[in-house]
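Please read the following note alongside the sequence and the model. It takes up one residue and then one strand.

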Amino acid sequence: MARDLNYTRNIGIMAHIDAGKTTTSERILYYTGKTHKIGEVHDGAATMDWMIQEQERGITITSAATTAFWNYAGEKYQINLIDTPGHVDFTVEVERSLRVLDGAIATFCAVGRVQPQSETVWHQADKYNVPKIAYVNKMDRTGADFLAVVDEIREKLGARSVPICLPIGAEEEFEGIVDLIAMKAIYYNQDTEDLVNYEVKDIPAGMKDEAVEWRGKLIESIAEYNDDILEKFFSDPDSIADDEIIATLRKATINMSVVPTCCGSSIKNKGIQFLLDAVMRYLPSPLDKGCITGIDPRNNNEVERHPSEDDPFCALIFKIATDPFVGHLAFMRAYSGKLDAGSMVLNTRSGKKERVARLYQMHSNKQNPIPCIEAGDICAAVGFKELRTGDTICREDKPIVLESMVFPDPVISLAVEPKTQNDLDKLGLALSKLSEEDPTFTVETDLETGQTLISGMGELHLDIIVDRLRREFGVEINQGAPQVNYKEAIKGSCKHHEVFKKQTGGRGKFADIVVEISPADEGVSGLQFINEVKGGNIPQEFIPSVEKGFKSAMQNGVLAGFAVTAMKVRLLDGSFHPVDSDALSFEICARMAFRHALEKCSPVLMEPIMSLEVVTHEEYLGDVVGDLNRRRGQITDMDSKGNARIVKAKVPLAEQFGYVTVLRTLTSGRATSSMEFSHYAEVPENIAKEVVEKHMGSFFGKRNFE
């Protein structure tokens with residue numbers, strides 16, 4: 001008998017670094033009976049932080065999946081839970097997890113409130129239409145303020161945060177919460193590890209008026225989504241039943257109109273059961289999310305798949321991981337149908353059929369074999385040879401391509417080489433496995449120096465990669481200094497005529513093209529190719545070769561060999577030779593046209609600009625701002641929170657290496673900073689000259705700038 005998907009929740013925990021995501025995950029696993037001992041992040045014993053690097057640093061690096069069960073309102077619910085990283089360098093882990101989740105718990109620190117990375121993950125969730133409930137953690141900390149976080153969620157995130165509970169006390173005095181729907185107080189006993197560590201009592205006398213006021217605000221927030229509640233709200237508010245409030249709040253949450261907000265202290269075991277009940281009450285099941293649409297690759301028609309066992313099977317691969325015992329693990333979310341272990345599926349990207357050898361239900365880095373999966377499940381499979389993150393697998397006779405994931409380009413590079421020649425092959429194999437796992441980690445060889453360059457999203461990202469090479473793959477390496485991933489762009493346009501002619505006796509080579517090269521239209525990246533050849537001056541079969549030639553030439557720009565981000569090429573005219581012309585001739589001709597024409601199109605160097613936020617004490621504000629000005633930073637905003645000053649700036653990545661150490665020195669260790677990629681911008685000419693000369697030699701650089 002098919003499982004009732006109404007009782008399934010695919011959820012993730014997302015937040016800024018240090019908001020307590022993993023600690024909250026550990027408590028959820030404990031109170032659902034999945035683990036019998038609470039693992040602590042600060043002890044390096046958290047179940048979901050299974051990597052050595054995670055345990056040593058106390059941070060989450062890779063998203064871990066697990067399945068647990070929770071009894072609510074007399075029914076047993078299945079929770080597929082994903083704990084995601086908070087550090088911006090591992091944003092890809094959050095992105096691909098949110099792509100396959102139905103709902104999310106957005107966790108905030110009651111003291112730090114809404115931080116820059118909170119905004120990033122919130123907008124990522126919005127992009128994939130993931131409904132959220134907010135959980136304000138660390139209510140036991142000095143400076144905790146629940147309602148201040150509610151206000152910041154409204155102001156900074158533009159979300160309608162609706163408290164569904166109030167804290168009883170705060171900081172050291174935080175004892176429990178007032179349930180604003182049941183209008184009861186829940187007191188927690190942090191010293192017991194019993195699964196029921198709370199007592200339900202009457203609301204304390206001093207909080208009754210406040211509770212009535214906030215319950216009124218809660219009902220007011222949802223009244224517009226239910227006419228009966230609206231009518232009762234004006235005539236007899238006391239007649240509104242709890243079930244009516246829950247059902248309406250659920251409806252408003254699923255259509256992303258409101259965000260139910262609760263609070264607790266995960267490390268003190270307070271508020272977790274209430275949070276779990278809220279997940280069952282308000283976050284959607286796969287049935288609430290409805291059907292998913294994709295494209296039939298045979299005819300490019302739009303097709304739908306419903307979360308039902310009766311629909312043809314389809315699933316999205318959202319992560320590839322390497323396990324030392326079972327090999328390549330492909331994490332997937334099944335959207336429709338049923339898949340048995342041992343059956344064949346079609347990979348619609350490669351067009352190849354592959355056998356699913358085994359299926360596993362995941363619990364962090366452990367696997368439990370299962371015979372089959374159904375719509376709504378999140379699991380892992382082994383046996384695939386050519387799968388990548390973002391691939392769709394489906395039934396062979398019912399192909400579908402689901403929308404894939406787009407990942408940001410790496411912004412920082414590092415040259416690496418093995419310490420001994422014997423490790424050369426081992427390094428190549430290890431890097432290829434790591435790049436399969438992580439779409440934001442790339443490996444390439446510098447054609448001029450022969451060096452192996454690894455690229456990632458930040459210094460910490462590459463640091464973890466190097467550490468994994470040493471520990472997991474046993475490869476000791478030498479590494480160079482980190483390098484910025486510059487790009488090139490053009491500001492001007494030009495018309496260019498290129499002829500490629502080669503005669504060496506016998507059949508020669510000939511191609512002739514007239515092109516206009518200009519900056520790409522706004523919002524377009526890569527090559528924008530437009531064929532405007534009339535009258536068959538260039539045979540139709542050679543046109544794709546011209547496009548291919550320009551596309552491959554864009555990998556190496558004319559200034560310093562960096563990739564060209566975007567440009568528009570209009571193929572206007574040309575000619576061919578009936579004997580000497582072929583596809584390769586036109587491809588070579590296009591590459592030559594690129595080299596010669598781009599020098600006339602005002603080429604410029606582009607550098608990654610980072611969004612930086614520094615929280616510092618007022619007495620160090622002048623030093624921090626002065627230092628940012630020296631780093632070519634542009635201050636975009638200055639704010640205050642209590643005694644702290646918050647400085648927001650846009651700073652070139654090239655100026656930010658080792659910034660954390662300098663900031664600690666300037667502020668006696670009292671400031672914190674967080675940084676994430678913002679955009680690419682043109683490098684000032686004097687600095688561009690230095691970069692070009694460093695990369696391509698002074699003659700080449702001068703020729704282009706003078």
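Is Ser581 buried or exposed?

1. The model is a predicted one. In it, Ser581 has a relative accessible area of 6%. Residues under 20% count as buried, and Ser581 is therefore buried.

2. As to its place along the chain, Ser581 belongs to the loop that connects strand S34 (566–575) with helix H14 (583–598).

3. The side chain of Ser581 has polar contacts with two backbone atoms. A polar atom of this side chain lies 2.8 Å from the backbone oxygen of Phe510. The backbone nitrogen of His577 likewise lies 2.8 Å from a polar atom of the Ser581 side chain.

4. When neighbours within four places in sequence are left aside, the residues in contact with Ser581 are Arg507, Phe510, Phe542, Phe576 and Phe586. Phe510 thus appears in this list and also supplies the backbone oxygen mentioned above.

5. The second subject is strand S25, which covers residues 412–418. Six of its seven residues are buried, so the strand is largely enclosed by the rest of the structure.

6. Which strands pair with S25? Strand S27 (residues 452–456) pairs with S25 in the antiparallel sense over five bridges, and within this pairing Ile412 stands opposite Gly456. Strand S28 (residues 477–479) also runs antiparallel to S25, and three bridges join them; here Pro418 has Ile477 as its bridge partner. Strand S29 (residues 483–484) forms an antiparallel pairing with S25 over two bridges, in which Gln483 is the bridge partner of Ser413.

Definitions and conventions
Residues are numbered from 1 along each chain as its sequence is written. This is a predicted model: local features need pLDDT of at least 70, side-chain atom pairs count only at pLDDT 80 or more; totals for chains, interfaces and linings use all residues. Side-chain values use heavy atoms; hydrogens and water are left out. Helices (H or I, at least four residues) and strands (E, at least two) are DSSP runs, numbered from the N terminus. Buried means under 20% relative accessible area, exposed over 50%, partly exposed in between (1.4 Å probe, protein chains only). A polar contact is a pair of N or O atoms within 3.5 Å; within protein, one must be able to donate a hydrogen and the other to accept it, and residues adjacent in sequence count only if both atoms are side-chain atoms. Contact means heavy atoms within 4.5 Å. Two strands pair if DSSP finds at least two bridges between them.
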